[in-house]
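With the model open in your viewer, please follow the selections below in order, keeping the surface display at hand.

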Amino acid sequence: CSIFGSARTPEGTAAYAAAKQMGAALAANDWMVITGGGPGIMEAANRGAHEVGAPTVGLNIALPHEQSANPYVTPALSFKFHHFALRKMHFMMRAKALVAFPGGFGTLDELFEVITLVQTKKAQPVPIVLFGSSYWKRLLNLDVMVEDGVISPEDIKLFHYVDEPLAAWDVIARFYGL
């Protein structure tokens with residue numbers, strides 16, 4: 001499961017704790033956790049899986065600030081990319097699900113790439129979960145896109161809003177009939 005979210009989310013916040021719990025829940029159900037490998041939400045998800053004894057993957061990106069591999073990525077599964085396009089391709093090639101926590105431009109870029117590929121059927125359908133419904137609904141007024149006819153009403157059904165890590169796992173489990 002690919003987990004996206006802000007590198008700027010500090011430990012001690014509710015979002016960090018939720019991402020850590022999400023990583024642990026995925027790992028406990030034999031799912032591999034794949035993140036960007038950096039700090040914040042990525043660190044939390046990798047940490048949750050790591051603390052239950054599971055390996056984790058980090059697809060890091062060379063940036064002038066913020067991004068270095070977090071200590072919870074399995075060293076042999078830590079990869080560094082120089083181009084966002086290749087990194088996003090590797091996320092999608094391996095993802096069986098996506099959970100997006102609140103984040104900035106990078107998170108939005110990754111999220112919209114996944115939604116676009118699934119919407120256009122260039123990628124297999126996967127459960128797309130937006131964690132933190134208040135954040136996502138304030139940020140994305142997708143009804144405007146439906147009203148203006150630039151997306152179809154069914155396109156909004158490509159993703160699910162949740163507010164609890166176990167609710168995110170439930171969406172994934174239902175999608176796969178687990």
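**A tour from surface to cavity**

Begin by selecting helix α3, which spans residues 84-94 and is where Met89 is placed; bear in mind throughout that this is a predicted model. Met89 counts as partly exposed because its relative accessibility is 40%, and the partly exposed class lies between under 20% for buried and over 50% for exposed. Now add Leu86 and Met93 to the selection, since together with Met89 these residues form a nonpolar patch on the surface, with about 290 Å² of accessible area together.

Next, turn to the largest cavity, which has a volume of about 40 Å³; the structure holds one cavity of 30 Å³ or more. To display its lining, select Phe4, Lys88, Phe91, Met92, Glu110, Glu113 and Val114. Helices α3 and α4 each supply at least two residues of this lining, and by class the lining residues divide into four nonpolar, no polar and three charged.

From there, move on to helix α4, residues 105-119, which gives the most to the lining of the second largest pocket, with four residues. Which residues should be selected to see the whole lining of the second largest pocket? They are Phe112, Ile115, Thr116, Gln119, Leu142, Met145, Ile151, Asp155, Ile156, Leu158 and Phe159. The volume of this second largest pocket is about 160 Å³, and colouring its lining by residue class will show eight nonpolar, two polar and one charged.

Definitions and conventions
Residues numbered from 1 in each chain as written. Predicted model: local features only at pLDDT ≥ 70, side-chain atom pairs only at ≥ 80, totals over all residues. Heavy atoms only, no water. Patch = residues over 30% accessible without salt bridge, like charges linked within 9 Å, V, L, I, M, F, W, Y side chains within 5 Å. Areas by Shrake-Rupley, 256 points an atom, 1.4 Å probe, with all protein chains shown as cover. Salt bridge = Lys/Arg side-chain N within 4 Å of Asp/Glu carboxyl O. Buried < 20%, exposed > 50% of the residue type's maximum accessible area, 1.4 Å probe, protein only. 1 Å grid on protein atoms, 1.4 Å probe; cavity = no way out; pocket = protein on both sides within 12 Å on 5 of 7 lines; lining within 4 Å. Points joined across faces, edges and corners; volume = space filled by probe spheres on them. Nonpolar A, V, L, I, M, F, W, Y, C, P; charged D, E, K, R; others polar.
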